[in-house]
Amino acid sequence: MTKSEQLFMRAERVIPGGVNSPVRAFGSVGLTPRMIASADGTHLTDEDGREYLDFVGSWGPMILGHNYPAVREAVIRACEKGLSYGAATKREVEMAELICGSVPNLDMVRMVNSGTEAVMSALRAARGYTGRDKIVKFMGCYHGHSDALLVQAGSGVMTAGIPDSAGVPEGCTKDTLSAVYNDAASVQKLFEEFPEEIAAVIVEPVGANMGVVPPEKGFLGRLRSLCTKYKAVLIFDEVITGFRLAFGGAQEYFGVNADLVTFGKIIGAGMPVGAYGGKREIMMCVAPVGPVYQAGTLSGNPVAMAAGLAQLTILKEHPQIYRDLNRAGAWFFGEIRKLADQSGIPVTVNACGSLGCVFFTDADVVNYETAKTSDTARYAEYFRYMLAHGIYLAPAQFEAMFLSAMHSGEELHMTLERMKEYFQLYR
């Protein structure tokens, strides 16, 4: 029995499912999770000393690779001055100034501790600002595990939320409306039914929790127009895309402005951080200056701020990182498409910048329903093959691959060779 297996058995006795976040359990790929002991650059090393080329990157934060020296040193220096103060600091002011000065249409920002907390708080601010209750989300878009957003995706536009988790009362989701991603008409229909009741539309500008599903041309712009027409708040959930597609995030990348934006992942460089921000008139509704209450003991934690500031400063000072990363993503995911086409295996490869996903389906994946046509058993087989050959992918079909600035051409070529072998062996 490996050390990872032994540790997982111990974990199952004291942690639900043996993990602190469900996808880590490797349940959908039929394996025992690898217990990671360390990470550096583009590689993970598990407790048994096995090394893997990593395409998860802690689910997105490691855009500069693991254990980046400047980030590590910033954290060490911050730790030497204390781990938490529960008080205002210079560093959180600098972080807010950097974010507001870099992201389009962002006047003010509030730091929190996770993406879930950022989304929950942004929705509360939108409701407080508009005086309305209903929100629109999209089937297949994940916005954290707060009660109002755990709504089951149906096969069409739903006008009444159905809880998608035990422990969530129906009352918590009665004002959550579901629309179809990449279908602006489904949103218009909801606005026509509830013209003065919808507070906000929240969307992942690139769907990255049903695999990767980019927005079709005009989709985000149409959402902007609808929200403007019906006086609702447009919220971009950029927990994944923020500071990844471009330094200004999806707003810069697609040229569409939101009213509020949520952040996480990259702004913490691996530390637990989230943030939400947007137009001044909306953010001024937040306590202590406004009536919308939100607080957090560890929000703006000095160590987390040090890590995030170090990473964001590097990204700002070296804009070629984005050019190189997006160019590498276009080439790499394009090569996977070629391999799949040559193999004859039904595969659809979706990508946007440095985000990508291999779906085992011949359908065009444009929304949640088409994503669900993917053969998850085949994905599990593919995952197991790649892991056995030292390549660590997301242990679930409906997650993204993340490229980092540290992935070398040699590493990407080697990964393509392993994929080619899989396609040839299992077609």
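Let's start with a pair of side chains: Arg327 and Asp324 form a salt bridge, with their closest N and O atoms 3.1 Å apart. Keep in mind as you look that this is a predicted model. Both residues sit in helix H11, which covers residues 320–343. They are three residues apart there, or about one turn of the helix. How open is this spot to the outside? Arg327 counts as exposed, because its relative accessible area is 52%, and the cut-off for that label is over 50%. Asp324, at 42%, is partly exposed.

Now hop along to helix H13, residues 376–388, where Glu381 and Arg378 are also three residues apart, so about one helical turn lies between them. These two form a salt bridge as well, and the closest N and O atoms are 3.1 Å apart. Glu381 is partly exposed, with a relative accessible area of 25%. Elsewhere, Asp46, Asp48 and Arg50 are tied into one network by salt bridges that share partners.

How many salt bridges does the structure hold? There are 13. One of them joins the side chains of Asp259 and Arg224, at 3.0 Å from N to O. Here the partners come from distant parts of the chain, 35 residues apart. Asp259 belongs to the loop between helix H8 (249–254) and strand S9 (260–263), while Arg224 is in helix H7, residues 219–229. Are these two buried or exposed? Buried means under 20% relative accessible area. Asp259 has just 4%, so it is buried, and Arg224 is buried too, with 17%. As for why such pairs turn up, side chains of opposite charge can pair when their charged atoms come close.

Charges can also gather without pairing up. Asp133, Glu193, Glu196 and Glu197 make up a negative patch on the surface. Pick out Glu196, and you'll find this residue in the loop between helix H6 (184–193) and strand S7 (198–203). Glu196 counts as exposed because its relative accessibility is 65%.

Time to turn to the strands. Four of them build an open sheet in the order S1-S2-S3-S13, and the pairing is mixed. Which strands stand at the edges? Strand S1 (36–40) and strand S13 (391–392) do; each has a single partner strand, so one side of each has no neighbour in the sheet. If you follow S13 to its partner, you reach strand S3, residues 51–54, and the two pair in the parallel sense over two bridges. To spot one contact between them, look for Asp54, whose bridge partner in S13 is Tyr392.

Another open sheet has three strands, in the order S11-S12-S14, and this time the pairing is antiparallel. Strand S11 (348–352) and strand S14 (401–402) are the edge strands, each with a single partner, so on one side each lacks a neighbour in the sheet. Strand S12, residues 355–359, is joined to S14 by two bridges, with the two strands running antiparallel. Where can you see this pairing residue by residue? Try Leu355: its bridge partner in S14 is Phe402.

Conventions. Residues are numbered from 1 along each chain as its sequence is written. This is a predicted model: local features need pLDDT of at least 70, side-chain atom pairs count only at pLDDT 80 or more; totals for chains, interfaces and linings use all residues. Side-chain values use heavy atoms; hydrogens and water are left out. Two strands pair if DSSP finds at least two bridges between them. Helices (H or I, at least four residues) and strands (E, at least two) are DSSP runs, numbered from the N terminus. Patches are made of residues with over 30% relative accessible area and no salt bridge: like charges are joined within 9 Å, nonpolar side chains (Val, Leu, Ile, Met, Phe, Trp, Tyr) within 5 Å. Accessible areas come from the Shrake-Rupley method with a 1.4 Å probe; for residues, only the protein chains shown count as cover. A salt bridge is a side-chain nitrogen of Lys or Arg within 4 Å of a carboxyl oxygen of Asp or Glu. Lys and Arg count as positive and Asp and Glu as negative; His and the chain ends are not counted. The place of a charge is taken as NZ of Lys, CZ of Arg, CG of Asp or CD of Glu. Buried means under 20% relative accessible area, exposed over 50%, partly exposed in between (1.4 Å probe, protein chains only).
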